[in-house]
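I opened the model to take notes on one chain, a ligand site and a handful of single residues. The entries follow in the order in which I looked things up.

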Amino acid sequence: MLHCESLTKTYGSGGRELTVVKNISFSLEAGGFLAIVGPSGSGKTTLLGLLAGLDRPTSGSVTLDGAVLERLSEDARARLRGEKVGFVFQSFQLIPTLTALENVQVPLELRGIAARERATELLARVGLAGREHHYPAQLSGGEQQRVALARAFSNRPRVLFADEPTGNLDARTGATVVDLMGELNRDLGTTLVLVTHDPDLAGRARRTIRLADGEIVADSAA
Amino acid sequence: MNPAFVARMAWREGRASARRLLLLTASITAGVAALVAINSFTDNLRRSVQEQARSLLGADLSISSQKEFTPAVTALLDTLGQTGLARVTTFSAMAYTAAGSGARLVQVSGVTGPWPFYGDIVTDPAGAWGELSRGPHAVVDPSLLGALGAAIGDTLAIGAARFAITGTIARMPGDVGVRSALGPRVFIPGRYIAATRLLGFGARVEREAFIRLPVGEAAQPIADRYRARLRAENARIRTVAESQQNLDNALGRLGHYLGLVALIALLLGGLGVASATHVFVRQKADTIAVLRCLGATAGGVFAIYVAQAAVMGLIGSVLGAAIGIAVQHVLPSAIASALPLDVSTAPSWPAIGVGVATGVWVAVVFALLPLLSARRIPPLAALRQAYDPGGRPREPLRIPVLFLLAASVVALAAMQAGNPRTGLAFAAGIGASVGVLAITAWLLIRSVERWFPHTWPYVWRQGLANLRRPGNQTTAVVLSLGFGAFLLATLFLAQYNLLEELRITGGPSRPNLVFFDIQPEQVAPVSRAIAGAGYPVGSPVPIVPMRIRSIRGRPVAAIAADTLARARQRGRSAGGGWALRREYRSTYRDTMVASEKLVAGRWWGSGRTRGSPVPLSLEADVAADLGVRVGDAMVWDVQGVPVATRVVNLRDVDWARFEPNFFAVFATGALETAPQSFVVLTRAPDAARRGQLQREIAQRWANVTSFDIAVVQEAVERLVSRVVLAIRFMALFSLATGAVVLAGAVSTSRFQRLRESALLKTLGASRRQVLQVVLAEYLAIGLLASVAAFILAALAGWALAHFLFEIPFRLPLRQAATLIGGTAVLAVLIGTWGSVEVVRRTPLEVLRET
Ligand SMILES: Nc1ncnc2c1ncn2[C@@H]1O[C@H](COP(=O)(O)OP(=O)(O)OP(=O)(O)O)[C@@H](O)[C@H]1O
Ligand SMILES: [Mg+2]
């Protein structure tokens, strides 16, 4: 499902080169649940961005559901994301000008699919029935993140990427969000890639990769 | 990406920021309003001209001459005028009433026959025109009654005849109001002209015959058939179509120029759109990145915001068109007195269509460049705020979009100007002005930075520092507000300097009363009479009417035919023809006067007796028109007698000085015996005494006419102000646009300022202090814009005065301060109005929201 080979990302800032992801290779089977952990600045977000095709690696390659990302154009990768990938962000990143319902509809509407019913259903699923027409500013942090989850699942993604989805939430709310993700992973068979600091959350994943200084220092599957 | 989604996203996004977006679109509203108003007005004007064409001339054909109609012309009139013939004979004379005071130079028109055949002359009281020929009646311009302190029913003296004033003219078809500005008109029955005994030798008389053709007979073929023959008889033939064409061209030109001023407002609005969009995209960066993560392509995101810009442009334009139509109802009454006919105020659909389309296009094309950066926001930005922008290639579409923008401006200007060259020049002019304004503003900002007032109280420093807030729109606001102020200031300076020049030439100790048409034998008694009344008498200036017979041996007619042919070849209308054929009123003397400056050749000495050819001095511009240089031979026709001359020098003449100035000055010794009249200048301290003197002279020597220079000055001032009023009216739209752009900028930065002020309040600032910071910021912006504008306007005003009007430039400091202060106050008002919320809201409210 997700495979990366000798993935390296180097930033050159002010003449000095900084390699933040160093020669990383691993594979994740369909329906897998991977947690990437590591100290701050170890390259977790960078790696996630590369895996999701949001950025181009300096060298190495990523294969997502059979598609080699490096070979795809910017627009082709956008389409791939629209069809097969979901995202959850630390800062929720709901579109402030859209209601909860509309936020959930966006990924499907992008592909020209009327999505009202499915969006309503998904919102109910994350426990937000009745809040469809509220704007993000009218929702609490935990509620916003649940809307983001509903949005992430609305296009039935093959892979869901989440960067510290609980980072801005208290422990209990964070746990509900991750539980929800686990449920969806089980029910829909969605592959999950989760970046987190939190060892508790990481414990719920079936596999854990630990990064330090851009390198894999431990992999529970190895 | 599918269009339905683009449309839906554009709508949802727009819905949430409606208030801000509306202000953004309002930037172009004023411009579209101006454009629709002026274009609709011009359309209506032209339509009215077409509808009322026949009444403009009052007849189908007119034949006119400065001389007595020759027998050949009279014979032609008898044949053509069988269905309807009327004559109007016009000459200048002094008029006064027995009861009133003073005397006034008027244009007397003796009317014989049922003129006008088409259209009505409206009088007050009604019907006076119809009664005119019943007896010794006079219908006069209302201004004459005021000038003479007369009333309807009074007896008006013109030469040896007396007339009863039976009415004033309220409205006259085809009357542009310019002619009557210099001399009020007096209409009398034609059969009483002789009774005035004024049409003696030397009087300038224009004779015009009006012809009504049988129904169904076309005027143009007749005019074409007889034109050449009539020219040989010194007569000119005109048709309705020709006078309509002339008026149409003149109105078209007026419309074009005013339209260009309107276009400035629209382009400034475009600038506002560009700047606001720039900020808008920055604020939307998160949304765009998320959309990209969710699978939207760069092009799709771009399309969403272009669609939004187009819809907003449409709303703004439709609003503008509505305002424009409303304004268009006001416009005619603002300049009605200058219009030769009634103008309908029906909305013109073509003008509305063009206005709205132009507005939408400007909104989109100006939004494109900043929107391009929306394409460059990577999905990665959703994951982390600071992405690495350095490694990305530059937007390849930048150049084509910039080109599209420039091409659009030129195309719009060319369309509005009616020809590509003016359009290009205009676009370049705007570009240069905006550039200079931007540089001036930048220099001002830099100098504030350089000499930052570190010792000023905190609120002032904070206000100044806010100009440099990231995502600020200082430049756009300064440009749009400044350009409006610049236009108004330049207009004001041009008007001020023109009128000031007139005022100064009329200064103390200069002559202010002119007597002319004095016959040679009257010079001594008239001078004595003036001196006897206690006023100084200048030396009499002789005036000899003449025409050009030949230049360098070639007869004028041959030269005129040549130039006409050459002009036709180049597809242009012939200039110069008038200079060849007109009547010149020349003088002779051996010295130069104060208003003259030698530019080529040398002045002749005095006292020597000279043979033929006579030394001649020509005015430089007319020499250029005639294609004459120093050393050329010219033969003049002085009342039938040929006088050979050689051009020995060329002069510049300052026409703005009210003195007898001449195109051609002869050396003494050749014209003394020619038929001539004299001009005598004097000075009397006040209007009443000038009127008294004018009246005394007119009563004793009826053929001697005179005018009071102050009266002429007033007329010129009225004329200039009327033209300036129309332009200023259009320029106001630019200032309005500047205000809206400022309001838009205030609204766009609302969140940022809310957060800043919440922070300030949290840190212990009082509401008063927060308000002061806002005040300081907008005062600084207003001053920045108006000072930059005024510097530019002073440059432009100087250039206009120096190169176009050729007068010295004066900078009125008090008015300048008023303008600068006014613009600053406007900026402060808008800024604080938009910032009430900033001051009012509590920090907690704000911090929760953002
Ligand atoms: N555009 C960039 N240019 C230079 N260095 C960068 C850039 N983006 C990230 N980095 C650096 O790469 C390293 C890894 O960053 P990354 O965000 O992947 O860490 P992280 O593991 O997600 O940390 P955290 O847990 O704090 O989110 C950091 O040292 C960061 O400073
Ligand atoms: Mg991170």
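**Chain B, overall.** I began with surface area: chain B exposes about 37,500 Å², and carbon and sulfur atoms supply 61% of that area. I note here that the model is predicted. Of the 850 residues in chain B, 53% are buried. For extent, I took the box along the principal axes, and the C-alpha atoms of chain B fill roughly 100 × 65 × 60 Å. I counted secondary structure next and found 27 helices and 21 strands in chain B. I then looked at contacts in chain B between residues at least 6 apart in sequence; 82% of them join residues at least 24 apart.

**Ligand 1.** Which chains supply the residues around ligand 1? Chains A and B both do, so I logged the site as shared between chains. The shell has 14 residues, and those that come nearest are Val20(A), Ser40(A), Thr45(A), Thr46(A) and Arg384(B). By class, I sorted the shell into three nonpolar, seven polar and four charged residues. Helix H1 of chain A, residues 44–51, gives the most to this shell, with three residues.

I went through the polar side chains facing oxygen atoms of ligand 1. Ser40(A) places a polar side-chain atom 2.4 Å from a ligand oxygen. For Thr45(A), an N or O atom of the side chain is 2.7 Å from an oxygen atom of ligand 1. His197(A) has a polar side-chain atom 3.4 Å from an oxygen of ligand 1. On its own, ligand 1 has 640 Å² of accessible area, and the protein covers 72% of it.

**Cysteines.** How many disulfides does the structure hold? I found zero over all chains. Cys4(A) is in no disulfide, and the nearest cysteine sulfur to it, that of Cys293(B), is 19 Å away. I checked from the other side too: Cys293(B) is in no disulfide, with the sulfur of Cys4(A) as its nearest, at 19 Å. A disulfide needs sulfur atoms within 2.5 Å. Buried or exposed, I asked of Cys4(A)? Cys4(A) counts as buried, at 1% relative accessibility. Cys293(B) is buried as well, with a relative accessible area of 0%.

**Helix H11 of chain B.** Cys293(B) led me to H11(B), where it is one of the buried residues. The helix runs over residues 285–293 and is mostly covered, with seven of its nine residues buried. Besides Cys293(B), I listed Thr287(B), Ile288(B), Ala289(B), Val290(B), Leu291(B) and Arg292(B) as buried. Gly295(B), just after H11(B), takes a positive phi of about 110 degrees.

**Phe302(B).** This residue sits in helix H12 of chain B, residues 298–335. I have it as buried, because its relative accessible area is 15%. Setting aside neighbours within four places in sequence, I found Phe302(B) in contact with Leu368(B), Leu371(B), Leu372(B) and Arg375(B). Phe302(B) and Leu368(B) are 66 residues apart in sequence, and their C-alpha atoms are 9.0 Å apart.

**Asn39(B).** I placed Asn39(B) in helix H2 of chain B, residues 18–51. Asn39(B) is buried, with a relative accessible area of 15%. What does Asn39(B) touch, not counting residues up to four places away in sequence? I noted Ala351(B) and Gln416(B).

**Arg54(B).** Helix H3 of chain B, residues 53–57, contains Arg54(B). Its relative accessible area is 45%, so I entered Arg54(B) as partly exposed. Leaving aside neighbours within four places in sequence, its contacts are Ala59(B), Asp60(B), Tyr118(B) and Val240(B). I also took a C-alpha to C-alpha distance: Arg54(B) and Gly119(B), 65 residues apart in sequence, are 7.5 Å apart in space.

**Ser480(B).** My last entry is a residue in helix H17 of chain B, residues 474–505. I read 0% relative accessibility for Ser480(B), so the residue counts as buried. With neighbours within four places in sequence left aside, Ser480(B) is in contact with Leu268(B), Ser734(B), Gly738(B) and Val741(B).

Methods:
Residues are numbered from 1 along each chain as its sequence is written. Chains are lettered from A and ligands numbered from 1 in the order in which they are written. This is a predicted model: local features need pLDDT of at least 70, side-chain atom pairs count only at pLDDT 80 or more; totals for chains, interfaces and linings use all residues. Side-chain values use heavy atoms; hydrogens and water are left out. Helices (H or I, at least four residues) and strands (E, at least two) are DSSP runs, numbered from the N terminus. Buried means under 20% relative accessible area, exposed over 50%, partly exposed in between (1.4 Å probe, protein chains only). Contact means heavy atoms within 4.5 Å. A residue is near a molecule or strand if one of its heavy atoms lies within 4 Å of it. A polar contact is a pair of N or O atoms within 3.5 Å; within protein, one must be able to donate a hydrogen and the other to accept it, and residues adjacent in sequence count only if both atoms are side-chain atoms. Accessible areas come from the Shrake-Rupley method with a 1.4 Å probe; for residues, only the protein chains shown count as cover. Ala, Val, Leu, Ile, Met, Phe, Trp, Tyr, Cys and Pro count as nonpolar, Asp, Glu, Lys and Arg as charged, and the others, Gly among them, as polar.
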